[in-house]
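Got your viewer open? Load the model, show it as a cartoon, and follow along one selection at a time.

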Amino acid sequence: MTTRQALTRARLDREEGYRLLGLLQDEATQQAVLPGLEEVAPGFPDWIVTALFGGTYLREGLSLRDRQLVNLAALTAVGGVDPQLAGHVTTALRVGMTRQEIVEVFVHLAPYIGVPRALAGLRVAVAALGDAEREERR
């Protein structure tokens, strides 16, 4: 038996990836990233949507809400990815997390990743939450 035969086939569904992207991110967020990235690296945005939203996000075992908790923690721990973190804060709201739950993620992270990183993430989150609140009032 070859390695290829022994491996479970990964689910990669381009159409479902774009559908899920539309559910998780608003049009403005998508337009802020994908067209510009397409100009620089043709095909890369499609690969991201297909592999991430049409692959990883479709795996069983974690809800979309749980995936957002993980994303908030990972992006904060990595640091230096403020636009992506802000986008995931907005997505967390879209999948049902409350403002309080989102803020608590950063408080909880402080002893694990350090207070400066947690504070940096919290600053991004507070700004993104403010933007979301202003958008709701429109």
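Colour by burial to begin: 30% of the 138 residues in the chain are buried, where buried means under 20% relative accessible area, exposed over 50%, and partly exposed in between (1.4 Å probe, protein chains only). A word on what you're looking at: this is a predicted model, in which local features need pLDDT of at least 70 and side-chain atom pairs count only at pLDDT 80 or more, while totals for chains, interfaces and linings use all residues. Numbering runs from 1 along each chain as its sequence is written, and side-chain values use heavy atoms, with hydrogens and water left out.

Now the cartoon. You should find eight helices and zero strands; helices (H or I, at least four residues) and strands (E, at least two) are DSSP runs, numbered from the N terminus. The C-alpha trace spans about 50 × 35 × 30 Å along its principal axes. Of the contacts with a separation of 6 or more, 64% are between residues 24 or more positions apart; contact means heavy atoms within 4.5 Å.

**Stop one: helix α4**

Select residues 44–53, which is α4, and show Pro-45, Val-49, Thr-50 and Phe-53 as sticks: these residues are buried. They sit on the same side of α4, because they cover an arc of only 130° around the axis, the arc being that of the directions from the helix axis to the C-beta atoms. What do the buried residues of α4 pack against? Add α2 (14–24) and α3 (27–40) to the view and you have the partners.

**Stop two: Gln-25**

Go to the loop between α2 and α3, where Gln-25 lies. Gln-25 counts as buried because its relative accessible area is 16%. Leaving out residues up to four places away in sequence, Gln-25 touches Gln-30, Phe-53, Thr-91 and Arg-94. Phe-53 should look familiar from the buried set of α4.

**Stop three: the largest pocket**

Keep Gln-25 selected and add Thr-29, Pro-83, Gly-87 and His-88: of the 32 residues lining the largest pocket, these five lie nearest its centre. For the record, a pocket is found on a 1 Å grid over the protein atoms alone, as an open set of points where a 1.4 Å probe fits, with protein on both sides within 12 Å along at least five of seven lines; lining residues have an atom within 4 Å of a point. The space inside is about 940 Å³, a volume being the space filled by probe spheres set on the points, with grid points joined across faces, edges and corners.

Which helix supplies the largest share of the lining? Select α6: eight of the lining residues come from there. α3, α4, α5, α6 (82–94) and α8 (115–137) each supply at least two. By type, the lining divides into 20 nonpolar, seven polar and five charged residues. Here Ala, Val, Leu, Ile, Met, Phe, Trp, Tyr, Cys and Pro count as nonpolar, Asp, Glu, Lys and Arg as charged, and the others, Gly among them, as polar.

**Stop four: helix α5**

Select residues 64–78 for α5 and pick Asn-71. Asn-71 counts as buried because its relative accessibility is 18%. Its side chain makes polar contacts with the side chains of Tyr-57 (2.8 Å) and His-88 (3.4 Å). A polar contact is a pair of N or O atoms within 3.5 Å; within protein, one must be able to donate a hydrogen and the other to accept it, and residues adjacent in sequence count only if both atoms are side-chain atoms.

Finish at Ala-77, also in α5. With a relative accessible area of 30%, Ala-77 is partly exposed. Beyond residues up to four places away in sequence, Ala-77 touches Ile-113 and Arg-117.
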